[in-house]
Amino acid sequence: MASLKVYIVRRVLLAIPMIFILLSIVFLIMRVAGDPVSAILGGHAPQEQIEQIKQQLGLNKPIIFQFFGYIGQLLRGNLGRSLIWGQRPVVNEIWDHFPATLELSISSFLISIIIGIFTGTVAATHRNRFLDHTFRLYGIITYGLFIPWIGIMLQLLFGVYLGLLPIGGRIGTLMEPKSITGLYVLDSLLTLNFDSLVSAIKHLILPSVTLGVYLSGIYTRLTRTHLMETLEKDFIKAARARGLSERAVIYKHGLKNAFIPILTMMGLQFALLLVGAVLTEITFSWPGMGTLLFERITYRDFTTVQGIIVFFALIVVTVNLLVDIIYAYIDPRIRY
Amino acid sequence: MKARRMGIFKVILVILPLVALYLTPATASASTTKPIVLGTTDKITVLDPAKTYDFYTWEVFHNIGEGLLKYKPGTTELMPGIAKSYRVSSDGLEYTFKLREGLKFTDGQPLNAAAVKWSIDRVMRLKLDPSWLVSAFVKKVEVVDNYTVKFVLKKPVSFFPSLVTTTPYIPISSRSYPADKVAEPTVGHYGPYKIKKWVRDVELVLEANPDYYGPQPKSKLFVVKFYKNAATMRLALETGEIDVAWKSLRPIDIKSLKSKGKQKILEVPGPYIRYIICRCNKPPFDDVRLREAVAAAIDRDRICREAYKGTVKPLYSMVPMGMWSHIDAFKQEYGERNLELAKKLLTEAGYSKEKPFEIELWYTPTHYGDLEADVAAIIKESLEETGLIKVTLKSAEWATYAAKFIAAGTMPIFLLGWYPDYIDPDDYTTVFLHSKWSPDMGVFYSNPTMDNLLDKARTEIEIKNRTELYKKVQKLMAKEAPVIPLFQGILTAATQPNIEGVILDPVMLLRYYLIYRK
């Protein structure tokens, strides 16, 4: 196992320059995107006010000082203060909104995996038959769909026409459970608050299905391909020869072995999950990071936008790092 | 194969009752008093009267707070607020307000003359966005006795009573708000409602304030839900998640809701106006005949019909419809549209088919919504219908447009829009037409008669005399056409059929405490 440890250390060390490059890119893009001061103040700002904002943002220093100042602050976990309204620390803004996005991401992720693996397995076991064609088509179409479109269709169907589910928000009015983790479903369970639980789940269904369906297509195709490949292998023939039931052959032996590439894809999909969350949140007025980002872009809240992008970027790097490590742990042949 | 299919059926059989079980308990379990829920795509910017300068947050402050005076719902008439009466000194420089006694902020602090003085001083000291509404007019505030407060003005201002209804004049508690910086406490106000809970950009829950002097709000609980887009808000209205859809549904949604007919649609003229500005101090528009020609040739009706699908109304004065003293001045001067007059004026000014009057018309493509380019195109076409004008459209992004071009006089003729700061004809006229301020707006108009009328109207106390003065202002404006009004926005709210008490008026602030369910 020593080699695994070395691998992990090496992998973590490699992540550091990666993060550095990433932060530099964020920094540069935010500077290229236009003069933040005029963006913040708009029209007829008096000179003293412009100077004050410049001072506050450190924009009166040479760019290289600005860059190291920014990196230095980041290392101390300081993302600065929002430029608007209460001028709250950006870190607080993020912590207020992140649980909502996490809850949405987890449930969408689970839904996408369940739908994807189920449809992929059915397609693989019905090769070139009707169900196979249907699910292959499903895999391609969902990947090309536009999230707000799926969202609005579901809202129309389940909200307006059937009247079964709420079409926006996270929970009913004044029904929030006592905050422990910030994930409403989990908090409701922990505090045994049944009303909140029902309300939270009801609100969660449409957004997570929207995002889940959008992300499931790739799993459908991946599961189908790899399962089909695995089912051709000798050990499957051996299993069948031993008289195992078809279900045991597919689920116990086939799917398990086809799983590694799917696991990799889960890591890669994570960035897409966050992108999708932004669009889903806006469609469903879900009060998470996506709506925060969207909102603050419209308000030209330069520091908050920068903070959110950095935060998203760090998450993606961390998740990919974890996936690599898990991957290496599961499959001992993998060492780069 | 058969075995597996059975398996799937088994799964479905287990899931179905679970789904049914989950769907049956309705959400109503928690609510004995069902709140009224209002949806909006606006947002609370900052919950501090010294800093906030947007209509929506002002609306919230008019429900959780109250000024010395307030508007009678549905009108632009003033009535007593937390002051039960006031007196103006004969020179118009001192306004003395007598406060209601025994009022308390929601944090327990007494609301007395000292609290009013503290709040106003704080606005002036912090010098933030809306502070000019106080500091441009008020010299100082004095506490006369515990329940009497005196405002000493820099100059007589006839619309001072309208000014004190604005949010910077709403008193707040010194226990909850710090003296020297912006803060957003959810207590420390005094109004019909108090804040029960506020989650930024998600919801605001208001609860009737039992200490309010006036009638209690019609609905004990009132919830505002904040939507990110108008499409979702419209769906929420259709599913019954919200009772009132307030600013702003899209024109297309309003149209389709109207045709479905399940919800009530309420519409009144809003105080938002759009207009064209001519730069009057340099050629070509220093020639009044050319300004008149443009004013006569514009096709307002077509802008409202084609670009806005009937969701705005043609406007013939800078003083909006629904406000006292409004007259259709431009209609009286030029008619709805008068191409013949425009041609005549242009010919007089020396232009012909061979040598048309060439102008650059400027607009800004996004600041006033996506339809701006269409508006500009319609104006171009309607001017060119004279056969004697050739228009080149030019555009610049808002930052450049507002910061550089307007006051620098870069643009000879351009489109602009206005939301009022205070509800008074002064706010719609003086800045554009008085020689002291008109350069800031890019008008560069100077006419001593006009200055005189405006100054008089500003200081005159009697509303009857002021009305006459503003009518004269409007007539002179139509004659000289330094600014040419185009259209006025409409305020729209959509409600469930059983909702009553939604009163829209030119003040533009919705009073939640009057809304109830039948």
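In the predicted model, B:Tyr470 lies within helix 16 (residues 463-480) of chain B. B:Tyr470 counts as buried because 26 C-beta neighbours fall inside 10 Å, the cut-off for burial being 20 or more. Leaving aside residues up to four places away in sequence, B:Tyr470 touches B:Val319, B:Ser325, B:Pro425, B:Thr429 and B:Ala457. A separation of 44 residues in sequence lies between B:Tyr470 and B:Asp426, yet their C-alpha atoms are 8.4 Å apart in space.

Burial also marks helix 6 (residues 230-239) of chain B. Nine of its ten residues are buried, so helix 6 of chain B is largely enclosed by the rest of the structure. The buried residues are B:Ala230, B:Thr232, B:Met233, B:Arg234, B:Leu235, B:Ala236, B:Leu237, B:Glu238 and B:Thr239. Elements of both chains contribute to the cover over these residues. From chain A, the cover includes helix 7 (147-161) and helix 12 (259-283). From chain B, it includes strand 1 (36-40), strand 11 (244-245), helix 7 (251-260) and strand 17 (483-495). After helix 6 of chain B comes B:Gly240, which has a positive phi near 85°.

Strand 5 (residues 94-99) of chain B is paired with two other strands of that chain, strand 4 (residues 83-88) and strand 7 (residues 148-153). Strand 4 and strand 5 of chain B run antiparallel and are joined by five bridges, with B:Ser85 partnered by B:Lys98 of strand 5. These two strands form a hairpin in which five residues intervene, and B:Gly92 in the turn adopts a positive phi of about 75°. The pairing of strand 5 with strand 7 of chain B is likewise antiparallel and comprises five bridges; here B:Glu94 has B:Val152 of strand 7 as its bridge partner. In a regular strand, side chains alternate between the two faces of the sheet. In strand 5 of chain B, the covered face consists of B:Tyr95, B:Phe97 and B:Leu99, whereas B:Glu94, B:Thr96 and B:Lys98 make up the uncovered face. Both B:Lys98, the partner of B:Ser85, and B:Glu94, the partner of B:Val152, thus belong to the uncovered face.

Chain A contains 14 helices and zero strands. Of its 336 residues, 37% count as buried. The C-alpha atoms of chain A fill a box of roughly 85 × 55 × 40 Å along the principal axes. Among contacts in chain A between residues at least 6 apart in sequence, 70% join residues at least 24 apart. An unreviewed UniProt entry lists residues 98-327 of chain A under "domain: ABC transmembrane type-1". This span is 80% helix and 0% strand, and its end C-alpha atoms lie 27 Å apart.

The packing of two helices is described by the angle between their axes and the distance between the axes. For helix 13 (residues 289-298) and helix 14 (residues 302-330) of chain A, the angle is about 145° and the axes are 9 Å apart. The crossing of helix 13 and helix 14 of chain A is left-handed. Helix 13 of chain A contributes A:Met289, A:Leu292, A:Leu293, A:Arg296 and A:Ile297 to the contact, and helix 14 of chain A contributes A:Thr304, A:Val305 and A:Ile308. By class, six of the contact residues are nonpolar, one is polar and one is charged.

How values were computed
Residues numbered from 1 in each chain as written. Chains lettered and ligands numbered in written order. Axes fitted to C-alpha atoms, helices over the stretch in contact; angles between N-to-C directions. Helix = DSSP H or I, 4+ residues; strand = E, 2+ residues; numbered from the N terminus. Left-handed = near helix turned anticlockwise from the far one by under 90°. Contact = placed C-beta atoms within 7 Å. Nonpolar A, V, L, I, M, F, W, Y, C, P; charged D, E, K, R; others polar. UniProt positions renumbered as here; feature names shortened; annotations may be inferred. Buried ≥ 20, exposed ≤ 12 C-beta atoms within 10 Å, placed from the backbone. Pairing = 2+ DSSP bridges.
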